[in-house]
Amino acid sequence: ANTKSGIALLYNEETNNTYDVCLKLTKEVLTIQKLDVVCTRGSESHVNHRTVVLRRQAAGGLGLSIKGGAEHSVPVVISKIFKDQVADQTGMLFVGDAVLQVGALVHHLFVHLLRTAGDEVTITVRYLREVPSFLKLPLGSPGPSTDHSSRVSSPLFDSGVHLNGNGNNTAPSPPSPSANEPKYEKRWLDAVCLPLLMARVSRYKTGTDKLRSNCFEVFALDGASTNILQFCTAAESTDWLQAISTNINDLTQENVSSFLYITDLIGSYCDVAGRISAFKFLALRGPYFYIFRTPPISAADWGQAETTYNLYEVLFKVHKLWMAEDCWLQARLYLGLEHSPEQQDNESLCFSILVGHGQSHTFRVELATDLAIWEKSFQRAVFLEVQRIRSKSYMCSSQGNVLCFTIDFELGFTCSEGTSKTILWRYKFSQLKGSSDDGKTRVKLLFKNAESNQIEMKELEFANLTAVLHCIHSFIAAKVASMDPLFMCSQTFPGNHMNS
């Protein structure tokens, strides 16, 4: 598992604010820390929601400056607060540069309320972790006007002159700090702790196929999100994305394997159907490929899959041919299943699951390494399944006769009469030289006669031709893989599969 920490930017789409955060990644959790003000002496409580008392100065001011207002769709905030002027009900003082939100009030109305209030004004405020961008505007109104009322009426500029009661905008000098007074400092505090079990990562804008640049989001199983994490460079973004994805995959595998006999691969990926994208949870388990709407948390959840397919009747296709290993690509070319049109860039991180009756599912991954993992895991899972079943038979017809077509790992292809089981013909896998089909029910298989060296054509008709072709592909690929020392040495197979 990867453990790392670093600084990133967090973009909040609701508030349109971007601010620094500290990321901490462990095996099980991604933690986002934000800068907060904490009391380091005199009290351990954080500056958060608090009832405060404003004490009017002798000059008439309340010792604070405010900005914002509901008329501009921003909250009223205390942008500056002067020591000894504001105390909460426990006697604690706020620091001079604290940013406190008062509420969604109209600016000039709040100014009027403060001016006409008594010597002590009690209000409830809260500390703002995210500093609004309008607080960076200078003191006073823009433009040439120096009219006193313009400064007061502009909600995005400080009304500190009016409230403080002195005309030179100079804050009163704070008294010397007392040893008994509480001290405050900024610290990184945990804001979001996102569990990585069954989580997912996305670089795409929600519900679209538009890729964000140097950005991604992390979504927990319960739907909680980090919001958008931004990085300075593509390399840094990819590094964090890879580390988080690795921990998610490792943790999910570890958890699922605790209640399953064998799971080759499991994870959450985007199902691309036209312009509509939805995240699905995919799994290779034993003889099946599963598609879930929501991740299976317990063993009982595996009966709630949205769709389940037999692995030997499924064709896995990466949208870039360079990802495919030779033996699997060779088997597709035998059957005319592989086409190589130019793929668009937005398909470069996609793979398809081709199933019966010509149907397919296309899934998009976040990293090229995910494609390689799924490719190899599918090959391994199909190989194990072919080793387990050893042979598969399908009913078919030819010239009005009902026949039984059998694909056998040792013997190759056999066709027999449907009732008497009399064998009509048999060929080895190596004798299959090509095939063609009508895309519906009929297929022509071309075999080379071992004795005459002539090509013989066998035409058969199946109820589900696609499933049969995929099954033939699975057996041929598994046969070729079994004779490839590199493939066999790179795999770790359970003994009960290889001995069957």
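Let's start in a loop: Met-198 sits in the one between β10 (183-195) and β11 (200-202). The structure around it is a predicted model, a chain of 500 residues with 9 helices and 27 strands. Here's a quick tour, from that loop to the cores, a couple of helices, two strands and the cysteines.

**Two loop residues with positive phi**

- Most residues other than glycine have a negative phi.
- Met-198 goes the other way, with a phi near 60°.
- Gln-399 also has a positive phi, near 55°, and you'll find Gln-399 in the loop between β21 (391-398) and β22 (401-408).
- Are these two buried or exposed? Met-198 counts as buried because its relative accessible area is 4%, under the 20% cut-off, while Gln-399, at 79%, is exposed.

**The chain as a whole**

- Buried residues make up 48% of the 500 in the chain.
- Look at contacts in the chain with a separation of 6 or more, and 58% of them come from residues 24 or more positions apart.
- The chain has an accessible surface of about 24,500 Å², and carbon and sulfur atoms account for 50% of that.

**The nonpolar cores**

- The largest nonpolar core has 50 residues, and the ones touching the most other members are Phe-289, Phe-378, Phe-405 and Phe-413.
- Which helix gives the most to this core? That's α7 (residues 465-482), which puts in 9 residues.
- Two domains each supply at least three residues to this core: domain 3 (257-334 + 347-388) and domain 4 (390-487).
- For a feel of the packing, take Phe-405: leaving out neighbours within four places in sequence, its contacts include Phe-413, Trp-425, Leu-445, Leu-460, Phe-462, Val-468 and Ile-472.
- Polar residues turn up around Phe-405 too, with Lys-392, Ser-393 and Thr-414 among its contacts.
- There's also a second, separate core of 24 residues, and its members include Val-21, Val-201, Phe-216 and Ala-220.

**Helix α1 and its two faces**

- Helix α1 runs over residues 107-116, and its buried residues are His-107, Phe-110, Val-111 and Leu-114.
- Why do these four end up on the same side of α1? They do so because they cover an arc of only 100° around the axis.
- The general rule behind such a pattern is that an α-helix has 3.6 residues a turn, so residues three or four places apart point the same way.
- Turn to the face of α1 pointing away from the buried side and you'll meet the exposed residues His-108 and Thr-116.

**Val-386 in helix α6**

- Val-386 belongs to helix α6 (residues 368-389), and with a relative accessible area of 0% it is buried.
- Setting aside residues up to four places away in sequence, Val-386 touches Phe-409, Ser-474, Phe-475 and Ala-478.
- Tyr-312 is 74 residues away from Val-386 along the chain, yet their C-alpha atoms are separated by 6.9 Å.

**Ile-291 in strand β16**

- Ile-291 is part of strand β16 (residues 288-292) and is buried, at 1% relative accessible area.
- His-361 lies 70 residues from Ile-291 in sequence but 9.8 Å from it in space, C-alpha to C-alpha.
- His-361 is also one of the residues in contact with Ile-291 once neighbours within four places are left out; others include Phe-281, Leu-282, Ala-305, Tyr-309 and Phe-363.

**The cysteines**

- How many disulfides are there? The count comes to 0.
- Cys-415 is in no disulfide, and the nearest cysteine sulfur, on Cys-396, is 5.0 Å away. That pair doesn't count because two sulfur atoms have to be within 2.5 Å.
- Cys-415 is buried, with a relative accessibility of 0%, whereas Cys-232 is exposed at 70%.
- Cys-350, in strand β19 (residues 350-354), is buried as well, at 3% relative accessibility.
- Beyond its neighbours within four places in sequence, Cys-350 is in contact with Val-318, His-319, Thr-362, Phe-363, Arg-364 and Leu-371.
- Cys-350 and Ala-368 are separated by 18 residues in sequence and by 9.1 Å between C-alpha atoms.

Conventions: Residues numbered from 1 in each chain as written. Predicted model: local features only at pLDDT ≥ 70, side-chain atom pairs only at ≥ 80, totals over all residues. Heavy atoms only, no water. Buried < 20%, exposed > 50% of the residue type's maximum accessible area, 1.4 Å probe, protein only. Contact = heavy atoms within 4.5 Å. Areas by Shrake-Rupley, 256 points an atom, 1.4 Å probe, with all protein chains shown as cover. Core = buried A, V, L, I, M, F, W, Y, C linked by side-chain atoms within 4.5 Å. Domains from an automatic or database assignment. Arc of directions from axis to C-beta.
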